[in-house]
Amino acid sequence: FFPEPSFGHNPPYGASIHYWLAKKNDSIKLVIKDKDGKIVRTLKEKGKPGINRVWWNLRGDSTKMIVMRTEPRYADWYPMDKNRTRKSTVAPFSILAPPGTYTVEMALGDKKFSKELVVLKDPHSEGSVADIMEQTRLMKQLNKEMNELAGKINKIERIRRQLFDLKAILNPQKNKKKEVLIAIDSIKESFLTLENKMIQLKITGTGQDDVRYPSKLAERIRYLASIVAVSDFPPTDQDMEVHKILQQRLDDCSNELDELLKGKFAAFLKLLSEYKIGPVVTD
């Protein structure tokens, strides 16, 4: 049925935070910290004169966004955005704040305000607070590892995009720059091989891509996080074993990237310098 005035509306999920302003302020920042003083979430708001209410959904800041700057493999037809990027199929995730006491801080000019906020355990949940804290410990590790992996993928994507462009610019001069063009193809393949261990590069988001191609490290960390966070219970032995395997794979990829940047890629940059070609931006 269509809504009636008597239906009413439930409030949004989470905690309501109220503050009063004498005048409009478009740069309100509310910082939520845990009992150890670590930032859990930062909320940016446009405040209006009078009483304002903000809803915190009890989640921390999301993991880094993976920004793809190259087309999916074997899909040159894929339409990129205006800024030549595309969304990754590995979505960011955040951690649901465990029960405990938090502090909400707000700064206006030289004045600072703070207030305690208590998050209670769901009375309907069969998991204990100790169970939830154990679950949260693993979620924090997964959050940290996903941020680390996302940073490495983004670095490789920036490099690969520039290598594609550099080859397109130099290609008309292939007789004069043949050595450089060969080096570009070689270093591109090295980065491609490594990135393909970190994230599935064939997915276009169409058809049966998600089930046709195997998940890689980013997809698996994301999936493990979704499984661990599904209920208020500690991670299973299987969860911990899978996490251990993924940790080792992340370490292997990190070491391989470091070796590639310090070895083959450094030699490639030296070659560009010899031909008086500008450097490739990595950060």
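By a simple distance rule, the count of salt bridges comes to 10. They are counted in a predicted model. Several of these pairs are worth visiting in turn.

Start with Asp61 and Arg41. Their side chains meet in a salt bridge, at 3.6 Å from N to O. The partners come from distant parts of the chain, 20 residues apart. Asp61 sits in the loop between strand E4 (50-56) and strand E5 (67-68), while Arg41 belongs to strand E3. Asp61 has a relative accessibility of 36%, so it counts as partly exposed. Arg41 has a relative accessible area of 21% and is partly exposed too.

Next, go to Glu256 and Lys197. Their side chains form a salt bridge of 3.0 Å, N to O. Glu256 lies in helix H5 and Lys197 in helix H2, so this pair ties together parts that are 59 residues apart in sequence. Glu256 is partly exposed, with a relative accessible area of 28%. Lys197 is also partly exposed, at 40% relative accessibility.

Asp209 and Arg212 make a local pair. Their closest N and O atoms are 3.1 Å apart. Both residues lie in helix H3 (residues 209-212), three residues apart, or about one turn of the helix. Is Asp209 buried or exposed? Its relative accessible area is 5%, and buried means under 20%, so Asp209 is buried. Arg212, at 49% relative accessibility, counts as partly exposed. Elsewhere, Arg84, Arg161 and Asp165 are joined into one network by salt bridges that share partners.

Now turn to the nonpolar interior. In soluble globular proteins, nonpolar side chains tend to be buried together. Here the largest nonpolar core has 45 residues. Leu142, Phe191 and Phe268 have the most contacts inside this core. Helices H1, H2 (178-198), H4 (217-228), H5 (237-262) and H6 (264-274) each supply at least two of the core residues. Which helix gives the most? H1 does, with 12 residues.

Phe268 shows what such packing looks like from one side chain. Leaving aside neighbours within four places in sequence, Phe268 is in contact with Leu163, Leu166, Val180, Ala183, Ile184, Ile187 and Val280. There is also a second, separate core, of 18 residues. Ala15, Ile17, Leu30 and Leu58 are among them.

The pockets come last. The largest has a volume of about 630 Å³. Its lining consists of 20 residues, and Asp34, Lys38, Val40, Thr136 and Lys140 lie nearest the centre. Strand E3 (39-47), strand E7 (100-108) and helix H1 (129-170) are the elements that give two or more residues to this lining. H1 provides the largest share, five residues. By class, the lining of the largest pocket has eight nonpolar, five polar and seven charged residues.

The second largest pocket has a volume of about 460 Å³. It is lined by 24 residues. Nearest its centre lie Tyr13, Leu58, Leu96, Ala97 and Leu120. Leu58 is thus named twice, here and in the second core. Strand E8 (111-119) and H1 each supply at least two lining residues. H1 again gives the most to the lining of the second largest pocket, with four residues. How do the lining residues of the second largest pocket divide by class? There are 17 nonpolar, four polar and three charged residues.

Conventions:
Residues are numbered from 1 along each chain as its sequence is written. This is a predicted model: local features need pLDDT of at least 70, side-chain atom pairs count only at pLDDT 80 or more; totals for chains, interfaces and linings use all residues. Side-chain values use heavy atoms; hydrogens and water are left out. On a 1 Å grid over the protein atoms alone, a cavity is a set of points where a 1.4 Å probe fits but cannot get out, and a pocket is an open set with protein on both sides within 12 Å along at least five of seven lines; lining residues have an atom within 4 Å of a point. Grid points are joined across faces, edges and corners, and a volume is the space filled by probe spheres set on the points. Ala, Val, Leu, Ile, Met, Phe, Trp, Tyr, Cys and Pro count as nonpolar, Asp, Glu, Lys and Arg as charged, and the others, Gly among them, as polar. A nonpolar core is a set of buried Ala, Val, Leu, Ile, Met, Phe, Trp, Tyr and Cys residues joined through side-chain atoms within 4.5 Å. Buried means under 20% relative accessible area, exposed over 50%, partly exposed in between (1.4 Å probe, protein chains only). Contact means heavy atoms within 4.5 Å. A salt bridge is a side-chain nitrogen of Lys or Arg within 4 Å of a carboxyl oxygen of Asp or Glu.
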